[in-house]
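The exercises below are meant to be worked with the sequence and the coordinates side by side. Try each task before reading the solution that follows.

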Amino acid sequence: MPLVRIDFLKGRPEGFGKMAGEIVYEAMRATISVPENDKFQVITEHPPGGLNHADSYLGASYSDGLVLIQITLNAGRTVELKKSLYQRIAGDLHAMLGVRREDVVISLVEVSRENWSFGNGVAQYAG
Amino acid sequence: MPLVRIDFLKGRPEGFGKMAGEIVYEAMRATISVPENDKFQVITEHPPGGLNHADSYLGASYSDGLVLIQITLNAGRTVELKKSLYQRIAGDLHAMLGVRREDVVISLVEVSRENWSFGNGVAQYAG
Amino acid sequence: MPLVRIDFLKGRPEGFGKMAGEIVYEAMRATISVPENDKFQVITEHPPGGLNHADSYLGASYSDGLVLIQITLNAGRTVELKKSLYQRIAGDLHAMLGVRREDVVISLVEVSRENWSFGNGVAQYAG
């Protein structure tokens with residue numbers, strides 16, 4: 001159910017986007033109980049100018065390696081769970097792909113369970 | 001007022017994206033009372049790797065023909081109306097464009113009426 | 001904290017997207033108290049067919065110069081503040097970049113404060 005959009009600038013190695021997507025998926029599996037195979041991701045590599053950001057904000061400095069991750073998911077996770085998710089995504093993108101932890105910016109958008117159809121025109125979560 | 005984002009992989013016939021957008025618009029007109037001409041759509045064809053998904057989820061199997069549709073719209077539609085919308089979109093994309101019903105994945109994001117400006121810097125729905 | 005997505009068709013002068021982004025950022029600073037350097041924007045120039053819209057809606061007519069702006073931000077701004085934001089964005093895009101006021105379409109998506117991580121895997125706004 002999470003729909004994930006990952007945006008970054010061109011210049012990363014071949015396959016970077018898919019690997020980043022898998023890391024986000026595994027982090028959601030591990031921290032916020034996302035079901036197996038619940039993986040719907042749009043990954044966009046942008047030409048120069050495709051991301052516009054400040055040099056730093058709240059103590060984090062940003063480089064051209066900024067990775068913007070926006071996740072639409074069902075409402076209801078606690079603040080603690082969201083914190084675990086952020087920590088896991090930033091840590092794993094750093095450890096596995098060399099992304100600077102500061103360059104991982106995450107936005108969550110929460111929706112209700114009946115707001116999804118995963119194929120066949122059915123609202124699978126609507127009960 | 002619905003802002004619709006449609007994402008799919010390159011390889012579809014010329015004009016596929018616009019036709020898919022029109023089908024989504026007509027489905028919203030028919031099922032959830034979207035006003036005439038309330039049509040604001042971003043349609044993106046992605047290179048290989050631009051979508052990342054599992055082979056199947058909850059009984060639907062996905063192909064390279066996956067069509068991801070995210071709709072931002074005013075809150076307040078009933079679960080029944082949302083179900084009608086999903087069914088109509090998947091059915092019409094299948095009937096008119098040959099998209100596999102299983103490949104139609106839909107996400108709704110609900111907002112309040114004052115969250116829109118349709119031009120001229122005015123909040124047309126704010127009353 | 002606002003994550004801003006700006007979508008428009010190719011054909012604008014070099015640097016248009018970044019300038020539009022800066023105008024949106026300054027408008028948010030001036031009208032809805034967005035902090036300095038809180039600027040996270042995805043700017044996408046689309047090929048023909050990348051935007052699908054009606055010729056007009058609610059009295060605004062649209063051209064190929066349509067600029068679609070979707071802003072994810074913390075909930076809580078009043079209707080009056082949102083109206084000020086719309087007016088400022090449309091006015092400044094017109095005055096500084098020659099965008100037709102009618103061609104400025106804005107969508108807001110509101111989220112809660114703990115829904116952001118601005119780097120380092122931390123929920124900076126969660127308190």
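**Exercise 1.** Do the copies, chain C and chain B, meet through different surfaces or through shared ones, and which percentage of the interface residues decides this?

*Solution.* Bear in mind from the outset that this is a predicted model. Of the interface residues of chain C, only 3% are also interface residues in chain B, so the copies meet through different surfaces. The superposition can then be examined: chain C is laid on chain B, with an RMSD of 0.0 Å, by a rotation of 120 degrees with 0.0 Å of shift along its axis. In chain C, the C-alpha nearest that axis belongs to C:Val109, at 4.7 Å from it.

**Exercise 2.** Work out how chain B is related to chain A, and where chain B comes nearest to the axis.

*Solution.* First, chain B superposes on chain A with an RMSD of 0.0 Å after a turn of 120 degrees and a shift of 0.0 Å along the axis. The two copies are therefore related as by a three-fold rotation axis. Next, the C-alpha of chain B nearest the axis is that of B:Val109, which lies 4.7 Å from it. Finally, 3% of the contact residues of chain B recur in chain A, and the copies use different surfaces here.

**Exercise 3.** Describe the side of chain B that touches chain A, beginning with its residues and ending with the strands that pair across it.

*Solution.* Begin with the count, in which 31 residues of chain B are in contact with 27 residues of chain A. The elements of chain B that give two or more residues to this side are β3, β4, β6, α2 and β7, and the largest share, 8 residues, comes from α2(B). By residue type, this side of chain B divides into 15 nonpolar, 9 polar and 7 charged residues. Turning to the strands, β8 of chain A, residues 116-118, pairs with β7(B) in the antiparallel sense over 3 bridges, and A:Ser117 stands opposite B:Ile106 in β7(B).

**Exercise 4.** Why does B:Ile89 count as buried, and which residues does B:Ile89 touch?

*Solution.* Locate B:Ile89 in helix α2 of chain B. The cut-off for a buried residue is 20 or more other C-beta atoms within 10 Å; B:Ile89 has 26 and is therefore buried. Leaving aside residues up to four places away in sequence, B:Ile89 touches B:Ile23, B:Val24, B:Ala27, B:Ile69, B:Val104 and B:Ile106, together with A:Gly121 from chain A. For the wider setting, the largest nonpolar core has 117 residues, of which A:Ile89, B:Ile89 and C:Ile89 touch the most other members. On chain A, the contacts of A:Ile89 include A:Ile23, A:Val24 and C:Gly121, with the same exclusion of residues up to four places away in sequence.

**Exercise 5.** Characterise helix α1 of chain B by its span, its buried residues and what covers them.

*Solution.* Helix α1(B) runs over residues 16-32, and its 17 residues reach 24 Å from first C-alpha to last, close to the 24 Å expected at 1.5 Å a residue. Its buried residues include B:Phe16, B:Ala20, B:Ile23, B:Val24, B:Ala27 and B:Met28. Among the elements that cover the buried residues of α1(B) are β1, β2, β6 and α2 of chain B, along with β3 of chain C. After the helix comes B:Ser33, whose phi is positive, near 60 degrees.

Conventions
Residues numbered from 1 in each chain as written. Chains lettered and ligands numbered in written order. Predicted model: local features only at pLDDT ≥ 70, side-chain atom pairs only at ≥ 80, totals over all residues. Least-squares fit on C-alpha atoms with pLDDT ≥ 70 in both. Contact = placed C-beta atoms within 7 Å. Helix = DSSP H or I, 4+ residues; strand = E, 2+ residues; numbered from the N terminus. Nonpolar A, V, L, I, M, F, W, Y, C, P; charged D, E, K, R; others polar. Pairing = 2+ DSSP bridges. Core = buried A, V, L, I, M, F, W, Y, C linked by C-beta atoms within 7 Å. Buried ≥ 20, exposed ≤ 12 C-beta atoms within 10 Å, placed from the backbone. Expected span 1.5 Å × (residues − 1).
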